[in-house]
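Biologist: Could you take a close look at the sheet in this model for me, and at what packs and bridges around it? I would like one connected account that I can follow with the structure open.

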Amino acid sequence: MKKIRNIYEKICDFENLYQAYLEARKCKRYRQDVLQFSANLEENLIQIQNGLICKTYKVGRYREFFVYEPKKRLIMALPFKDRVVQWAIYRQLNPIFDKQFIYDSYACRVGKGTHKAADRLQYWLRQVARKPTKYYYLKLDITKYFYRINHQILMEILQKKIDDPDLIWLLDTIINCEDTKFGLPLDTDPGECAPEDRLADVGMPIGNLTSQMFANLYLNEVDQYAKHELRLHYYIRYMDDIIILHHDKKYLHAIKDDIERFLNDNLALQLNGKTAIRPIGCGIEFVGFRIWPTHRNLKKKTALKMKHRLKYLQKAYARGEIGFDEVNASMQSYFGLLKHCNSYNLRKKLCQTFVFTKGGNDIGCSKNSR
């Protein structure tokens with residue numbers, strides 16, 4: 001494979017920076033920091049360009065907050081200027097990396113995503129269900145994946161692929177941020193670890209565009225090992241969730257040991273307690289669904305959270321705290337998700353249960369939602 005060369009000049013190109021600005025402001029153009037940047041757009045882009053050319057660029061201060069869906073995660077958001085830089089890198093580098101990924105890697109890739117991943121796994125389940133032998137699945141889940149990516153190993157992977165000292169400098173500046181630590185000890189959850197106790201040599205900030213790219217690149221090492229060394233056919237990955245199908249349970253135990261050894265020795269990662277081997281007849285939890293050869297359902301936990309959220313919206317709408325547009329946006333989002341699984345009864349129940357009333361006027365679910 002040829003090394004990547006002469007990309008840094010394209011990243012610094014003014015037109016690339018302008019296109020990066022347009023990408024970074026999508027759906028956020030009326031936020032205060034975006035408006036301030038846009039008010040002096042040309043000057044700000046030239047300032048970014050000069051910082052990259054002269055290699056004086058430094059990553060801005062991260063804003064930290066937690067999200068709780070699907071589980072508690074520490075999110076780190078950069079100032080808008082730095083998001084423009086991230087998009088400038090991503091636009092030039094990610095298409096090259098993407099060509100090196102296996103077909104059945106589905107996270108953060110154009111034309112892939114959760115629904116395509118669910119479709120692909122269900123297609124395989126239908127194939128193996130017609131075979132005379134009983135099939136099992138191995139589910140691999142990595143402990144605190146984003147918080148445990150090793151910086152030195154990641155830089156070594158990048159240096160194998162990139163022959164451009166300036167670009168390596170820029171990527172190292174982002175990965176080994178001077179002001180913020182991203183890593184967590186193995187036995188610590190995001191909300192329990194004080195900033196001073198975080199680790200400086202591991203971890204990627206959840207929320208960075210480049211973090212998605214680096215995370216895919218990091219586990220591409222496992223994908224290549226699984227495909228070319230272990231010769232696995234039924235192998236699919238969505239970020240740090242990996243599913244492998246086979247008819248021999250003992251073989252899957254051996255594969256699990258091989259991959260775990262590879263993760264430990266080559267990527268300094270560990271598997272967690274969610275790792276399991278079960279018959280495919282139990283259904284496979286993957287990308288938000290439980291999938292069988294014949295059908296797929298929304299995960300019970302996800303359905304319960306959906307109902308709790310709708311109860312909150314129902315009460316907030318009745319009190320006049322939110323308007324119809326917000327209610328409608330949430331309802332259409334949920335029903336859009338439910339169209340990708342066998343959910344007739346759930347949709348019917350939601351339409352019957354959640355009627356939104358304010359000032360004597362009721363709104364339910366539209367016919368399109370049914």
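Modeller: In this predicted model, the sheet is an open one of 4 strands, arranged in the order E4-E5-E3-E6 with antiparallel pairing. Its edges are strand E4 (235–238) and strand E6 (276–279), each of which pairs on one side only, and from one strand to the next the twist averages 20 degrees. Strand E3, residues 136–141, runs antiparallel to strand E5, residues 241–246, and 6 bridges join the two; if you wish to find this pairing on screen, look for Asp141, whose bridge partner in E5 is Asp241.

Two helices can be described against this sheet. Helix H10 (residues 209–229) lies across E4 and E5, and its direction is at about 175 degrees to E4. Helix H11 (residues 249–267) also packs on the sheet, where it touches E3, E5 and E6, and its direction makes about 15 degrees with that of E3.

The link between helix H10 and the edge strand E4 can be followed down to side chains. Arg237 and Asp223 meet in a salt bridge, with 2.9 Å from N to O. Because Arg237 lies in strand E4 and Asp223 in helix H10, this pair ties together parts that are 14 residues apart in sequence. Arg237 counts as buried, at 0% relative accessibility, and Asp223 likewise counts as buried, at 0%.

Helix H11 offers a salt bridge of its own, in which the side chains of Glu260 and Lys256 meet at 3.2 Å, N to O. These two residues are 4 residues apart in helix H11, so about one helical turn separates them. Glu260 is partly exposed, with a relative accessible area of 23%, and Lys256 is partly exposed with a value of 23%, whereas Arg237 in the pair described before is buried.

Turning to the wider set of such contacts, the count comes to 16 salt bridges. One of them joins Asp104 to Arg120, with the closest N and O atoms 2.8 Å apart; since Asp104 sits in the loop between helix H5 (80–98) and helix H6 (114–129) while Arg120 belongs to helix H6, the pair ties together parts that are 16 residues apart in sequence. Here Asp104 is buried, with a relative accessible area of 5%, but Arg120 counts as partly exposed at 23%. Elsewhere, Arg31, Asp33 and Arg83 are linked in a network of salt bridges.

Methods
Residues numbered from 1 in each chain as written. Predicted model: local features only at pLDDT ≥ 70, side-chain atom pairs only at ≥ 80, totals over all residues. Heavy atoms only, no water. Pairing = 2+ DSSP bridges. Axes fitted to C-alpha atoms, helices over the stretch in contact; angles between N-to-C directions. Contact = heavy atoms within 4.5 Å. Salt bridge = Lys/Arg side-chain N within 4 Å of Asp/Glu carboxyl O. Buried < 20%, exposed > 50% of the residue type's maximum accessible area, 1.4 Å probe, protein only.
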